[in-house]
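The exercises below ask for a careful reading of a predicted model. Each task is followed by a solution that proceeds step by step.

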Amino acid sequence: MGGLEFFTLFGEALSHLSAGIPRTMALAGTSLVVGFVLALGVARGVLSQAVVPRSLANGYVYVFRSSPLLVQIFLIYYGSGQFRGFFEAIGLWGLFREAWFCAILALALNTCAYQAVLIAGGLRAVPWGQIEAAQAVGMSQYRVFVTVAFPQALRHALPAYSNEVVLMIKATALASTITILEITGLAKQLASETYRPFEIFAAAGLIYIGINGAIVAGFTQLERLLSRNATQRT
Amino acid sequence: MDLGILAWGDTGWGDELARGVLTTVAIAAAAYLVGTLIGILLATMKLSGSPALTMPATIYTTVMRGMPEMLVIYLVFFGGGALSSWIASSVLGIRGRVDLPSFAVGVVCIALSVGAYACEVIRGAVLAVPGGQMEAAEAVGMTRWQRNRLIVAPQAFRIALPGMTNVWQFSLKDTALVSIIGVTEVMRTASIGSDATKQPFTFYFVALMIFIVIAYLSQRLFTRMQHSADRGVRWGA
């Protein structure tokens with residue numbers, strides 16, 4: 001294990017593992033978007049005055065945030081097999097048989113719970129007077145949400161969102177446990193072929209750190225861009 | 001779903017799962033304690049003001065927070081195993097593979113990542129103690145050690161508690177990952193049970209419920225700690 005040999009192998013591992021980057025990004029990106037759409041509904045439940053939707057939404061958030069993602073992934077991927085007959089009957093077995101579908105479903109349901117909390121927190125931070133003012137000038141409920149409440153909620157939630165995106169990139173590594181060959185999956189495969197786990201897993205780690213560094217830098221830029229607008233107006 | 005398979009004893013998996021719960025709680029608690037110590041050390045380094053100390057602490061937290069926890073476990077368990085095999089063969093002259101103890105590796109890996117998150121919480125809490133109090137303490141002639149111990153630490157503890165509650169939840173959930181290196185905690189027990197009985201949903205659902213119950217009970221414990229730490233605090237003062 002000489003120094004030069006280490007760097008040669010490290011470099012080779014980097015180029016081999018970078019093939020997994022698009023898959024990692026696809027897993028994280030798809031789940032984040034699907035999770036976001038679902039989270040809008042859950043956030044609405046969390047903020048609802050009615051007891052039933054509010055308890056359902058809070059219960060959902062509690063279950064997904066207080067149990068490990070790995071359990072959620074296994075529950076969906078392996079657990080669905082126990083009800084194969086049922087899924088075949090309703091024609092969804094083709095989906096639940098697919099590791100990709102199960103991974104994205106689990107990741108999306110998981111991030112949905114976290115995003116719902118962020119969105120609800122952002123919406124709570126919008127001053128009530130603004131909503132009243134918008135209603136007073138005759139805006140519909142939909143327009144108040146889309147043009148007044150939501151943009152401000154997003155800006156408020158942005159720093160925490162950057163964190164959630166980073167956590168999701170990290171979370172995609174768990175998809176490797178159900179046969180998906182993203183960065184970690186490829187690293188595991190390569191490590192068992194070459195018997196050089198240290199260099200290979202270190203290279204995989206470096207790729208993740210690079211991706212996450214870029215994401216954090218991107219969000220910082222976006223925050224600056226959006227808050228410039230805010231300071232001008234006040 | 002046949003709940004008979006969860007019976008206690010030879011006919012069911014109840015006792016195996018209970019042992020898994022003990023292992024899960026043991027790993028989470030040990031990793032949390034070690035991780036908090038790492039966090040205190042890192043926060044002290046970051047607050048020292050000296051670049052020679054701040055830099056390594058910043059690099060550490062950036063690396064640990066940017067890398068998937070599962071990869072950290074693979075790196076330490078397999079990478080560390082390969083490294084110690086190499087040391088064993090070339091330095092000590094022992095042939096063959098060296099396997100690291102998976103329980104200890106699990107605790108260390110979770111503690112390493114818990115430490116990075118705890119560092120930020122503790123650093124923020126120390127900075128949130130009003131600066132005027134430090135000046136006042138200095139004015140009445142307290143030494144640096146006395147100030148830290150009597151003025152900063154008790155208040156920082158109270159401020160850090162909500163954040164450290166989240167870090168505990170992290171630690172608890174991360175224990176599921178050590179199942180991949182063969183530690184028979186709740187998750188691994190559920191996997192073994194589901195392979196043996198062909199009832200994966202039942203077992204993973206039970207595992208899910210176990211984690212939720214542990215999270216709920218420990219949350220209550222932290223809430224009580226928070227109440228006791230908040231005694232004598234005048235809100236809005």
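**Exercise 1.** Decide whether Arg123(B) is buried, partly exposed or exposed, and describe the salt bridge that Arg123(B) forms with Glu120(B).

*Solution.* Begin with accessibility: the relative accessible area of Arg123(B) is 29%, and because the partly exposed class runs from 20% to 50%, Arg123(B) counts as partly exposed. The partner, Glu120(B), has a relative accessibility of 23% and is therefore partly exposed as well. Next comes the geometry, in which the closest N and O atoms of Arg123(B) and Glu120(B) are 4.0 Å apart. Both residues lie in helix 4 of chain B (residues 102-128), three residues apart, which is about one turn of the helix.

**Exercise 2.** Locate the partners of the salt bridge between Arg158(B) and Asp230(B), and state how far apart they are in the chain.

*Solution.* The two side chains meet with an N to O distance of 3.6 Å. This pair links distant parts of the chain, with Arg158(B) in helix 6 of chain B (residues 144-174) and Asp230(B) in the segment after helix 8 of chain B, 72 residues apart. Turning to accessibility, Arg158(B) is partly exposed at 22%, whereas Asp230(B), at 17%, is buried. A further step considers shared partners: salt bridges join Lys46(B), Arg65(B), Glu120(B) and Arg123(B) into one network.

**Exercise 3.** Find which side chains form the salt bridge between chain A and chain B, and then characterise the contact between the two chains.

*Solution.* A search of the whole structure gives nine salt bridges over all chains, and the count between chain A and chain B is one. That salt bridge is formed by Lys170(A) and Glu69(B), at 3.2 Å from N to O. Because Glu69(B) lies in helix 3 of chain B (residues 69-90) and Lys170(A) in helix 9 of chain A, the pair joins two chains, and both residues are buried.

The wider contact involves 36 residues of chain A and 37 residues of chain B. The area buried between these chains is about 3200 Å², with carbon and sulfur atoms giving 78%. Nine residue pairs, both members at pLDDT 80 or more, are in polar contact between the chains. On the side of chain A that touches chain B, helix 11 of chain A gives the most, with nine residues; by class, that side has 22 nonpolar, eleven polar and three charged residues.

**Exercise 4.** Determine how the rings of Phe83(A) and Phe201(B) are arranged, and where these two residues lie.

*Solution.* The structure holds 21 aromatic pairs over all chains. For Phe83(A) and Phe201(B), the centres are 4.9 Å apart and the planes stand at 70°, an edge-to-face arrangement. The pair crosses between chains, from the loop between helix 4 and helix 5 of chain A, where Phe83(A) lies, to helix 8 of chain B, which holds Phe201(B). With a relative accessible area of 30%, Phe83(A) is partly exposed.

**Exercise 5.** Describe the surroundings of Gln72(A), including the polar contact of its side chain with Ser67(A).

*Solution.* Gln72(A) lies in helix 4 of chain A, and a relative accessible area of 3% makes Gln72(A) buried. The side chain of Gln72(A) makes a polar contact with the side chain of Ser67(A) at 2.9 Å, while a polar atom of the Gln72(A) side chain lies 3.1 Å from the backbone oxygen of Phe64(A). Among the residues that Gln72(A) touches are Val63(A), Asn110(A) and, from chain B, Leu208(B).

Terms used: Residues numbered from 1 in each chain as written. Chains lettered and ligands numbered in written order. Heavy atoms only, no water. Contact = heavy atoms within 4.5 Å. Buried area = accessible area lost by both parts, 1.4 Å probe. Polar contact = N/O pair within 3.5 Å; in protein donor to acceptor, adjacent residues only side chain to side chain. Helix = DSSP H or I, 4+ residues; strand = E, 2+ residues; numbered from the N terminus. Nonpolar A, V, L, I, M, F, W, Y, C, P; charged D, E, K, R; others polar. Buried < 20%, exposed > 50% of the residue type's maximum accessible area, 1.4 Å probe, protein only. Phe/Tyr/Trp six-rings, centres within 6.5 Å; stacked < 30°, edge-to-face > 60°. Lists of a residue's contacts leave out its neighbours within four places in sequence.
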